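Please look over the sequence and the structure shown here, and then read the briefing on how the chain is put together.

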Amino acid sequence: FNGELDIVLVEDSGTGDLGTRPGGRLRETLRVAKRANLIVVTRGKAAQLPACLEPYVSDKTIIGAAFEWEMLVVNGKDRFPVDSFVDRPVTAFAAVGNPDAFFAQAESLGFVLAGRRSWPDHAVPNPARLRVLLSEAHRTGAKAVLTTEKDAIKWLPTWPGDPPLLYPRLRVLFDDIE
């Protein structure tokens, strides 16, 4: 070990689009796994490594990683148990690589997504997007707007505060070292 660690993350939520952009959702080709020291299968277990990666990782350490919602952060400061907003309508949005996985996890925890909006990965806040979110929240009777922590960091400086902006603080659970 020379002090550098190359980690490749691959999500286990579908393998149909494992090409590079613009057609697929990967930032680099699958061959990048050859240089990796560690492969992390996110949202899955090590045994769920997509088959298309197997030729590149025969001698690699592979682990699974799950993301558990530890708490909810409201307007960037107050912290509440995750179940504080369960069964109450929220509008959800995400500008991440796989927004549907975020929405599905929220629903699996009991959140009622009265509205949902996704933008391209790394999309930045702007007045038009804010108007869309606030209008949708108002139209659907949402008690809050739910997003990812990654997106909340960008939105908090300009968020009006009402409805409150919620995001989960995540805990990573590793398992299945192979």
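What follows is a briefing on fold, cores, aromatic pairs, surface and salt bridges, grouped by topic.

The coordinates come from a predicted model. The chain has three helices and eight strands, which run from the N terminus in the order β-β-β-β-β-α-β-α-β-α-β. Of its 178 residues, 41% count as buried, and among contacts between residues at least 6 apart in sequence, 64% join residues at least 24 apart.

**Nonpolar cores**

- In soluble globular proteins, nonpolar side chains tend to be buried together.
- The largest nonpolar core holds 17 residues, of which Trp69, Phe111, Leu113, Leu146 and Leu166 touch the most other members.
- To this core, strand β3 (61-74), strand β5, helix α1 (99-108) and strand β7 (144-146) each contribute at least two residues.
- A second core, separate from the largest one, has 15 residues, among them Leu130, Ala137, Ala142 and Tyr167.
- Once neighbours within four places in sequence are left aside, Leu113 is in contact with Val90, Ala92, Phe103, Ala106, Glu107 and Leu146.

**Helix α1 and its cover**

- The buried residues of α1 are Pro99, Ala101, Phe102, Phe103, Gln105 and Ala106.
- These buried residues are covered by parts of the chain that include β1 (7-11), β3, β5, β6, β7 and β8 (165-175).
- After α1 comes Gly110, which has a positive phi, near 105 degrees.

**Aromatic pairs**

- A pair of aromatic rings is described by the distance of the centres and the angle of the planes.
- Seven aromatic pairs are found when the whole structure is searched.
- In one of these pairs, the ring centres of Phe93 and Trp119 are 5.8 Å apart and the planes stand at 65 degrees, so the pair is edge-to-face.
- Because Phe93 belongs to strand β5 (residues 89-94) and Trp119 to the loop between β6 (112-118) and α2 (127-140), this pair ties together parts that are 26 residues apart in sequence.
- Phe93 is buried, at a relative accessible area of 0%, and Trp119 is buried as well, at 14%.
- Trp119 also pairs with Trp155, with ring centres 6.2 Å apart and planes at 20 degrees, so the pair is stacked.
- Since Trp119 sits in the loop between β6 and α2 while Trp155 is part of helix α3 (residues 149-155), the pair ties together parts that are 36 residues apart in sequence.
- Trp155 counts as buried, with a relative accessibility of 2%.
- Elsewhere, ring pairs link Trp69, Phe102, Phe103 and Phe111 into a cluster; Trp69 and Phe111 are also among the residues that touch the most other members of the largest nonpolar core, and Phe102 and Phe103 are among the buried residues of α1.

**Surface**

- The chain exposes about 9,600 Å², of which carbon and sulfur atoms supply 52%.
- Leu5, Ile7 and Leu9 make a nonpolar surface patch of about 300 Å².
- Within this patch, Ile7 lies in strand β1 and is partly exposed, its relative accessible area being 40%.

**Salt bridges**

- Side chains of opposite charge can pair when their charged atoms come close.
- The structure holds seven salt bridges.
- One of them joins the side chains of Glu68 and Arg171 at 3.3 Å, N to O, and it links distant parts of the chain, with Glu68 in strand β3 and Arg171 in strand β8, 103 residues apart.
- Glu68 counts as partly exposed at 32% relative accessibility, and Arg171 counts as partly exposed at 36%.
- Arg171 also meets the side chain of Glu70 in a salt bridge at 3.0 Å, N to O, again linking distant parts of the chain, as Glu70 in strand β3 and Arg171 in strand β8 are 101 residues apart.
- Glu70 is partly exposed, with 37% relative accessible area.
- Another salt bridge is formed by the side chains of Lys150 and Asp121 at 2.5 Å, N to O.
- Because Lys150 lies in helix α3 and Asp121 in the loop between β6 and α2, this salt bridge ties together parts that are 29 residues apart in sequence.
- Lys150 is partly exposed, with a relative accessible area of 32%, whereas Asp121 is buried, at 17%.
- Through salt bridges that share partners, Glu68, Glu70 and Arg171 are joined into one network.

Terms used
Residues are numbered from 1 along each chain as its sequence is written. This is a predicted model: local features need pLDDT of at least 70, side-chain atom pairs count only at pLDDT 80 or more; totals for chains, interfaces and linings use all residues. Side-chain values use heavy atoms; hydrogens and water are left out. Rings of Phe, Tyr and Trp (its six-membered ring) pair if their centres lie within 6.5 Å; planes under 30 degrees apart count as stacked, over 60 as edge-to-face and the rest as tilted. Helices (H or I, at least four residues) and strands (E, at least two) are DSSP runs, numbered from the N terminus. Buried means under 20% relative accessible area, exposed over 50%, partly exposed in between (1.4 Å probe, protein chains only). Contact means heavy atoms within 4.5 Å. Accessible areas come from the Shrake-Rupley method with a 1.4 Å probe; for residues, only the protein chains shown count as cover. A nonpolar core is a set of buried Ala, Val, Leu, Ile, Met, Phe, Trp, Tyr and Cys residues joined through side-chain atoms within 4.5 Å. Patches are made of residues with over 30% relative accessible area and no salt bridge: like charges are joined within 9 Å, nonpolar side chains (Val, Leu, Ile, Met, Phe, Trp, Tyr) within 5 Å. A salt bridge is a side-chain nitrogen of Lys or Arg within 4 Å of a carboxyl oxygen of Asp or Glu.
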